[in-house]
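User: I have a structure open and want to learn how to read it feature by feature. Can we start with the whole chain and then work through the parts?

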Amino acid sequence: MAEIRIAFRQGGNSGQFTREGWADPEGHGSWTEGPNSHLRFSGLFAGVPYAVAIDLGPYLAPPMLAAQALTVSVNGHLCFEDRLNGPCQIRFTIPAGAIPPGGQAEMVLTCSDAVAPMTLGTGADMRRLGFSVWQVTLEDQPAVAAAPLAVRPAEPVFAPVPLGIVPQALPAVAPPPPAAPAPGPIEFRAAGTCPLCGQATEFIARRATPLPEQWYPNWFRDGLRCAKCDSLPRERALFTVVERLYPNWRDLAIHESSPGDRGASLRFRQECRGYVETQYDPELGFGKTDAAGRYRSENLEAQTFPGQSFDLVITQDVFEHLFEPDKAIREIARTLRPGGAYIMTVPIANEARPSSRRAARTSQGVKMLAEAQYHGNPVSAQGSLVTIDWGFDIVDYLAAHSGLSVSMFYFDDISRGMRAICMEVIVCRKLGMPPSL
Ligand SMILES: [Zn+2]
């Protein structure tokens with residue numbers, strides 16, 4: 001009798017078995033990523049049944065996602081099928097006939113409910129998470145009685161780890177998730193002054209289930225709202241930078257690409273006479289204004305504006321959706337006046353890792369280089385495809401392709417509602433006269 005034991009934590013041996021569909025090992029194990037996650041075995045005994053146990057737990061975001069479906073097949077034989085609503089050990093048997101004479105086996109975990117926390121609005125993690133797996137064992141013994149569902153509580157599963165954050169701290173400090181739905185909504189409140197609406201206010205975040213405190217910045221990215229104006233941390237951060245660097249913004253010519261009906265965009269629209277709003281609307285025709293006179297259709301990568309048209313160009317979480325960001329930043333630089341600046345937010349999902357491309361435009365159409373991810377889009381129900389996971393090297397990228405002087409601002413000030421991951425503000429300045437001393 002021989003046992004194969006796979007540990008999915010950092011430092012474990014899962015790399016010998018995992019193929020496509022797995023995130024990098026973390027402190028708690030490895031997330032299945034996307035709809036299908038593959039494990040490959042060789043040297044098994046042909047014609048022998050194997051007892052399998054998998055310790056795992058689903059990514060959950062109740063009430064939107066209270067359970068996840070899982071099926072496991074081995075060499076095409078369906079071995080397990082259920083919906084799981086918490087961490088557990090599943091057990092099943094690989095039938096004797098499933099292992100061919102070569103002893104090869106392909107195990108596929110199919111997670112049809114896998115979803116990115118970003119898509120659900122519960123965090124900035126853009127990976128499509130199914131289950132956190134920490135151990136798989138195979139034992140070549142006579143078939144054990146199949147126990148298709150959870151039979152004992154296993155180790156806890158934690159909130160998804162965003163890219164780039166050191167996960168080792170997780171197991172020691174995070175409590176296990178509640179077995180049943182939390183008794184009531186979890187609420188975080190902090191009193192302060194909102195940089196966006198200027199009012200004394202409370203910054204409030206609510207969620208259904210408890211969360212270890214070190215994950216609050218993830219929660220806050222789309223969760224910490226001003227009680228007075230509903231703004232989010234990254235909107236307050238962007239507006240803070242505009243006010244500090246260009247306190248006369250009301251008198252300037254501002255171009256904002258793809259604004260929504262909220263946050264800083266509302267203030268620009270209401271208070272700046274020279275505010276021009278553009279949306280990517282090829283059907284309307286680039287350079288044309290929509291019938292309501294609300295926005296002008298523009299392709300950020302090939303704009304119809306004359307050179308030096310604007311003092312400020314603004315985008316908020318747009319740059320991760322561009323196919324040719326080099327063209328976009330060159331166009332933005334062209335349309336800026338000397339002394340002006342391009343001020344933007346973009347999720348730096350890769351943090352210290354290099355920027356990586358998720359989708360590319362080819363002559364045959366859009367080519368996916370990684371799992372497709374979408375963010376909300378104010379003018380499209382289907383959302384916007386994420387094309388690039390940016391790292392901090394975006395600063396060099398923008399400077400190299402535009403000649404602009406690029407810097408990055410980051411705030412951590414809960415009294416002004418500015419605490420969250422992925423709320424960096426990037427400023428690309430078109431230098432005018434050098435400062436005189
Ligand atoms: Zn406010």
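Analyst: Start with burial. Buried residues make up 42% of the 437 residues in the protein. Keep in mind that this is a predicted model.

User: How many helices and strands are in the protein?

Analyst: The protein has seven helices and 25 strands. Next, look at how contacts spread along the chain. Among contacts with a separation of 6 or more, 67% join residues 24 or more positions apart.

User: Now sheets. In what order do the strands of the seven-stranded open sheet run?

Analyst: The order is β15-β14-β13-β16-β17-β25-β24, and the pairing is mixed. At the edges stand β15 (296-297) and β24 (405-409). Each has a single partner strand, so one side of each is left without a neighbour in the sheet.

User: In which sense do β24 and β25 pair?

Analyst: β24 and β25 (residues 425-429) are antiparallel, with five bridges. For one bridge to find on screen, take Phe409, whose partner in β25 is Val425.

User: What does helix α4 touch when it packs on this sheet?

Analyst: Helix α4 (residues 233-245) touches β16 (310-316), β17 (336-345), β24 and β25. The direction of α4 makes about 160° with that of β17. A second helix, α6 (residues 325-335), lies across β13 (253-257), β16 and β17. Helix α6 runs at about 140° to β17.

User: How far does α4 reach from its first C-alpha to its last?

Analyst: α4 has 13 residues and reaches 18 Å, close to the 18 Å expected at 1.5 Å a residue.

User: Which residues of α4 are buried?

Analyst: They are Pro233, Arg234, Glu235, Arg236, Ala237, Leu238, Phe239, Val241 and Val242. Their cover includes the helices α3 (216-221) and α5 (263-271). It also includes the strands β16, β17, β24 and β25.

User: How do I describe two packed helices?

Analyst: Two packed helices are described by the angle between their axes and the distance between the axes. Take α4 and α5: the angle is about 40° and the axes are 7 Å apart. That makes α4 oblique to α5. Glu235, Leu238 and Phe239 of α4 make the contact with Gly263, Ala264 and Arg267 of α5.

User: At what angle do the axes of α6 and α7 cross?

Analyst: The axes of α6 and helix α7 (residues 394-402) cross at roughly 60° and come within 8 Å. That makes α6 oblique to α7. The crossing of α6 and α7 is right-handed. From α6, the contact uses Asp326, Ile329, Arg330 and Ala333. From α7, it uses Leu398, His401 and Ser402.

User: What should I look for in the side chains of one strand?

Analyst: In a regular strand the side chains alternate between the two faces of the sheet. Strand β5 (residues 68-74) is a case to follow. Gln68, Leu70, Val72 and Val74 point to one face and are buried. Ala69, Thr71 and Ser73 point to the other face and are not buried.

User: How many bridges join β5 to β6?

Analyst: Seven bridges join β5 to β6 (residues 77-84), and the two strands run antiparallel. One pair to find is Ala69 with Arg83 of β6. The hairpin of β5 and β6 has two residues between the strands, and Asn75 takes a positive phi near 50° there. Strand β5 also runs antiparallel to β8 (residues 105-110), joined by four bridges. In that pairing, Val72 stands opposite Leu109 of β8.

User: Which strands stand at the edges of the three-stranded open sheet?

Analyst: The sheet has the order β10-β11-β12, with antiparallel pairing. β10 (186-193) and β12 (225-226) stand at its edges. Each has a single partner strand, so one side of each lacks a neighbour in the sheet. Two bridges join β11 (residues 200-207) to β12. Ile204 stands opposite Arg225 in β12.

User: Last, a loop residue. Why does Asp281 count as partly exposed?

Analyst: Asp281 has 17 C-beta neighbours inside 10 Å, so it counts as partly exposed. Its place is in the loop between β14 (274-279) and β15. Asp281 and Tyr295 are 14 residues apart in sequence. Their C-alpha atoms are 9.7 Å apart in space.

How values were computed:
Residues numbered from 1 in each chain as written. Predicted model: local features only at pLDDT ≥ 70, side-chain atom pairs only at ≥ 80, totals over all residues. Pairing = 2+ DSSP bridges. Contact = placed C-beta atoms within 7 Å. Axes fitted to C-alpha atoms, helices over the stretch in contact; angles between N-to-C directions. Buried ≥ 20, exposed ≤ 12 C-beta atoms within 10 Å, placed from the backbone. Expected span 1.5 Å × (residues − 1). Parallel < 35°, antiparallel > 145°, perpendicular 65-115°, else oblique. Left-handed = near helix turned anticlockwise from the far one by under 90°.
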